[in-house]
Amino acid sequence: MDQWNRFELQGINLPAIGILIILLLSNCSGKKEMKEIVTSITAEEMMDWTPLEKGKASVMGDMLVMEETDGSDGFFLISSGQLTGDYQIDYDVKALSESSVLINLLNVTDTLGSDDFALPRAGSSPQEIWDWRSHLRHYNLTFNNRSHGITPFFYKNHSPLSRGFYQKLSANVMEPGQWFHVSIVKKGTELKFMLNNNTYFDIMDYNPLDGGRLIFRVSGTTGENTILAKAAIKNLQITSWQ
């Protein structure tokens, strides 16, 4: 009796085992393909976002214009949907006043991780708004802040008493009256901020925030020399991978 038949008599089917080994090796070596999903958000669609504080939003052509109004200490627009997983946010922005600090709050949730967080009451003071913000978990990216006497910074907020990373640049990287292309990337543990394809922040966060809302905010200068913030945003696009 040859060797092949001896294996068959012992209940071992060599062809079946060969197929099984090939399948196992294929599953081990193969990588799951990630599906890229690109979502474009128009200026009209951003008008459906939730406004907060004194200010207004309006559509001019393909642009969304955010601006403070008299007595404002900043103006927010809060997204209706949420960021999840890995993503890249792209948009074009132009500061339309000499004091238009631009703030992106990313992956915003309450301290329990819910993106269904409560908003401050109408007419809240600047301090109450600040207290509300500081109790939200989020990434804070702030730039074009020369008028506030500081340079761009990027930090992770856990609670009023706890922050993750905090990084800032040595100089400002944006000028009013000019269009700039913004890219913000969250991929795995890496966070990047790019302006006109130049990378200014490249940060590793080994305990990243899972997801949450996207918030845009503009802030001007208060006090004796009040300058209201005003900025235009267009071509907002969010790319995600699933």
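Reader: Hi! Which residues of helix H4 are buried?
Author: Hello! In this predicted model, helix H4 covers residues 126-134, and its buried residues are Ile129, Trp132, Arg133 and Ser134.

Reader: Nice, and what do the buried residues of H4 pack against?
Author: They pack against strands E2 (50-52), E5 (75-84), E7 (101-109), E8 (137-143), E9 (153-159) and E14 (211-219).

Reader: What is the strand order in the open sheet?
Author: The order is E2-E5-E14-E7-E8-E9-E10, which makes an open sheet of 7 strands with antiparallel pairing. E2 and E10 stand at the edges with a single partner strand each, so one side of each has no neighbour in the sheet. On average, neighbouring strands here are turned by 20 degrees against each other, ignoring direction.

Reader: Let's go to one edge. How many bridges join E9 to E10?
Author: There are 5 bridges between E9 and E10 (residues 162-168), and the two strands run antiparallel. A hairpin connects them through 2 residues. Serine 159 has serine 162 in E10 as its bridge partner.

Reader: And how many bridges join E5 to E14?
Author: E5 and E14 are joined by 7 bridges and also run antiparallel. Within E14, phenylalanine 216 stands opposite leucine 77.

Reader: Changing topic: how many aromatic pairs does the structure hold?
Author: It holds 13 aromatic pairs. One of them brings us back to H4: the ring centres of phenylalanine 76 and tryptophan 132 are 5.9 Å apart and their planes are at 85 degrees, so this pair is edge-to-face. It links distant parts of the chain, since phenylalanine 76 is in strand E5 and tryptophan 132 is in helix H4, 56 residues apart.

Reader: Are those two buried or exposed?
Author: Phenylalanine 76 is buried, with a relative accessible area of 0%. Tryptophan 132 is buried too, at 11%. Another pair is phenylalanine 153 with tyrosine 166: the ring centres are 6.0 Å apart and the planes are at 15 degrees, so that pair is stacked.

Reader: Where do phenylalanine 153 and tyrosine 166 lie?
Author: Phenylalanine 153 lies in strand E9 and tyrosine 166 in strand E10, so the pair ties together parts 13 residues apart in sequence. Phenylalanine 153 counts as buried at 12% relative accessibility, while tyrosine 166 is partly exposed at 42%.

Reader: Which residues form the aromatic cluster?
Author: Tyr139, Phe143, Phe154, Phe165, Phe193, Tyr200 and Phe201 form one cluster.

Reader: I like cations over rings. Which ring does arginine 163 lie over?
Author: Arginine 163 lies over the face of tyrosine 155, at 3.8 Å from the ring centre. There is also lysine 234, whose charged end sits over the ring of tryptophan 179, 4.3 Å from its centre.

Reader: On to the core. Which residues in the largest nonpolar core touch the most other members?
Author: That core has 40 residues, and the ones touching the most other members are Ile89, Tyr91, Leu106, Phe143, Phe154 and Phe216. Leaving out residues up to four places away in sequence, phenylalanine 143 touches Tyr91, Val101, Leu102, Asn104, Pro152, Met174, Val182, Phe193 and Leu195. Another core, of 12 residues, lies apart from the largest one and includes Leu52, Phe76, Ile103 and Ile215.

Reader: What about the backbone: what is the phi of asparagine 144?
Author: Asparagine 144 has a positive phi of about 55 degrees, although it is not a glycine. For context, most residues other than glycine have a negative phi. Asparagine 144 sits in the loop between E8 and E9, and this residue is buried, with a relative accessible area of 8%.

Reader: And where does asparagine 196 lie?
Author: Asparagine 196 is in the loop between strand E12 (190-195) and strand E13 (198-204). Its phi is positive as well, about 50 degrees, and it is not a glycine. Asparagine 196 counts as partly exposed, at 36% relative accessibility.

Reader: Last one, for the whole chain: how many helices and strands are there?
Author: The chain has 4 helices and 15 strands. Of its 242 residues, 42% are buried. Looking at contacts between residues at least 6 apart in sequence, 67% join residues at least 24 apart.

Definitions and conventions:
Residues are numbered from 1 along each chain as its sequence is written. This is a predicted model: local features need pLDDT of at least 70, side-chain atom pairs count only at pLDDT 80 or more; totals for chains, interfaces and linings use all residues. Side-chain values use heavy atoms; hydrogens and water are left out. Buried means under 20% relative accessible area, exposed over 50%, partly exposed in between (1.4 Å probe, protein chains only). Contact means heavy atoms within 4.5 Å. Two strands pair if DSSP finds at least two bridges between them. Axes are lines fitted to C-alpha atoms, for helices over the stretch in contact, and angles run from 0 to 180 degrees between N-to-C directions. Rings of Phe, Tyr and Trp (its six-membered ring) pair if their centres lie within 6.5 Å; planes under 30 degrees apart count as stacked, over 60 as edge-to-face and the rest as tilted. A charge sits over a ring if NZ of Lys or CZ of Arg is within 6 Å of the ring centre and within 35 degrees of the ring normal. A nonpolar core is a set of buried Ala, Val, Leu, Ile, Met, Phe, Trp, Tyr and Cys residues joined through side-chain atoms within 4.5 Å.
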